[in-house]
Amino acid sequence: MAIEKTPVRFDTKIAVLLREDLEPWQRLNVTAFLISGLGSELPEVIGEPYADADGTPYLPMFRQPVLVFEGTKDTLTAAHGRVLSRSLPRAVFTSDLFATGNDGANRAAVRAVPKDQLDLVGLAVYGPRNAVDKVVKGARMHP
């Protein structure tokens with residue numbers, strides 16, 4: 001089986017924007033939660049299942065890279081406004097979610113706060129490359 005080595009330039013982009021003051025464990029946790037939202041609602045971002053040479057099956061993953069950015073609280077707030085104005089698929093993670101213990105409590109914590117008052121620590125977005133680039137404008141690639 002030949003392995004394709006030609007890079008593909010996707011016309012879409014998956015990006016995660018994290019607030020720069022998060023602890024390392026929080027960055028990983030927030031990224032995982034945010035990305036699960038995109039994968040569950042957008043089947044076009046998911047590739048085919050995997051299998052090793054022995055035929056052991058593995059779950060499919062995203063068909064394209066996920067770019068992770070970081071920025072200040074203000075950068076995240078601005079990105080949130082831009083993603084809403086462009087009506088792009090998005091997922092949010094607020095600071096309140098670090099204190100909840102289950103899925104229902106997570107949704108209740110977000111629902112309790114108006115969109116312009118959310119204390120965002122993470123945002124995931126998917127869409128056309130140029131639109132996503134505009135959403136994450138001012139952020140920098142995560143180190």
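This report walks through a predicted model of one protein chain, from its overall layout to single residues.

Residues are numbered from 1 along each chain as its sequence is written. Local features need pLDDT of at least 70 and side-chain atom pairs count only at pLDDT 80 or more, while totals for chains, interfaces and linings use all residues; side-chain values use heavy atoms, with hydrogens and water left out.

## Overall layout

The chain has four helices and seven strands. Helices here are DSSP runs of H or I with at least four residues, strands are runs of E with at least two, and both are numbered from the N terminus. From the N terminus on, the order is β-α-β-β-β-α-β-α-β-α-β. The C-alpha atoms fill a box of roughly 50 × 35 × 30 Å, taken along the principal axes.

Of the 143 residues, 35% are buried. Buried means under 20% relative accessible area, exposed means over 50%, and partly exposed lies in between (1.4 Å probe, protein chains only). Contacts (heavy atoms within 4.5 Å) often link distant parts of the sequence. Among those between residues at least 6 apart, 75% join residues at least 24 apart.

## Two helices, each with a buried side

Helix α1 covers residues 24-41. The expected span of a helix is 1.5 Å times one less than its number of residues. For the 18 residues of α1 that gives 26 Å, and the end C-alpha atoms are 27 Å apart, which agrees. Helix α2 covers residues 73-85 and has 13 residues. Its first and last C-alpha atoms are 19 Å apart, close to the expected 18 Å.

Which residues of α1 are buried? They are Q26, R27, V30, T31, L34, I35 and L38. They cover an arc of only 145° around the axis, which puts them on the same side of α1. The arc is that of the directions from the helix axis to the C-beta atoms. On the other side of α1, W25, L28 and S40 are exposed. The cover over the buried residues of α1 includes β1, β4, β5 and β6.

In α2, the buried residues are T75, L76, A79, H80 and V83. Their arc is only 140° around the axis, so they sit on the same side of α2. D74 and S85 are exposed on the other side of α2. Among the elements covering the buried residues of α2 are β1 (12-19), β4 (66-71), β5 (90-94), β6 (120-128) and α4 (129-135).

An α-helix has 3.6 residues a turn, so residues three or four places apart point the same way.

## Four residues to look at

| Residue | Place | Relative accessible area |
|---|---|---|
| R27 | helix α1 | 14%, buried |
| Q64 | loop between β3 and β4 | 6%, buried |
| S87 | loop between α2 and β5 | 57%, exposed |
| D133 | helix α4 | 31%, partly exposed |

Start with R27. Its side chain makes a polar contact with the side chain of E70 at 2.8 Å. A polar contact is a pair of N or O atoms within 3.5 Å; within protein, one must be able to donate a hydrogen and the other to accept it, and residues adjacent in sequence count only if both atoms are side-chain atoms. The R27 side chain also reaches the backbone oxygen of L22 at 3.1 Å. Leaving out residues up to four places away in sequence, R27 touches L18, R19, E20, D21, L22, E70 and H142.

What does the side chain of Q64 have at 2.9 Å from a polar atom? The backbone oxygen of T12 lies there. With residues up to four places away not counted, Q64 touches F10, T12, K13, I14 and Y126.

S87 comes just after α2. S87 has a positive phi of about 55° although it is not a glycine.

D133 and A15 are 118 residues apart along the chain, yet their C-alpha atoms are separated by 8.8 Å.

## The largest pocket

The largest pocket holds about 490 Å³ of space. On a 1 Å grid over the protein atoms alone, a pocket is an open set of points with protein on both sides within 12 Å along at least five of seven lines, and lining residues have an atom within 4 Å of a point. Grid points are joined across faces, edges and corners, and the volume is the space filled by probe spheres set on the points.

How many residues line the largest pocket? The lining has 20 residues, and A91, V92, F93, L97 and V110 lie nearest the centre. α1, α2, β5 and α3 (103-111) each supply at least two residues of the lining. α3 gives the most, with five residues.

Notes: 1 Å grid on protein atoms, 1.4 Å probe; cavity = no way out; pocket = protein on both sides within 12 Å on 5 of 7 lines; lining within 4 Å.
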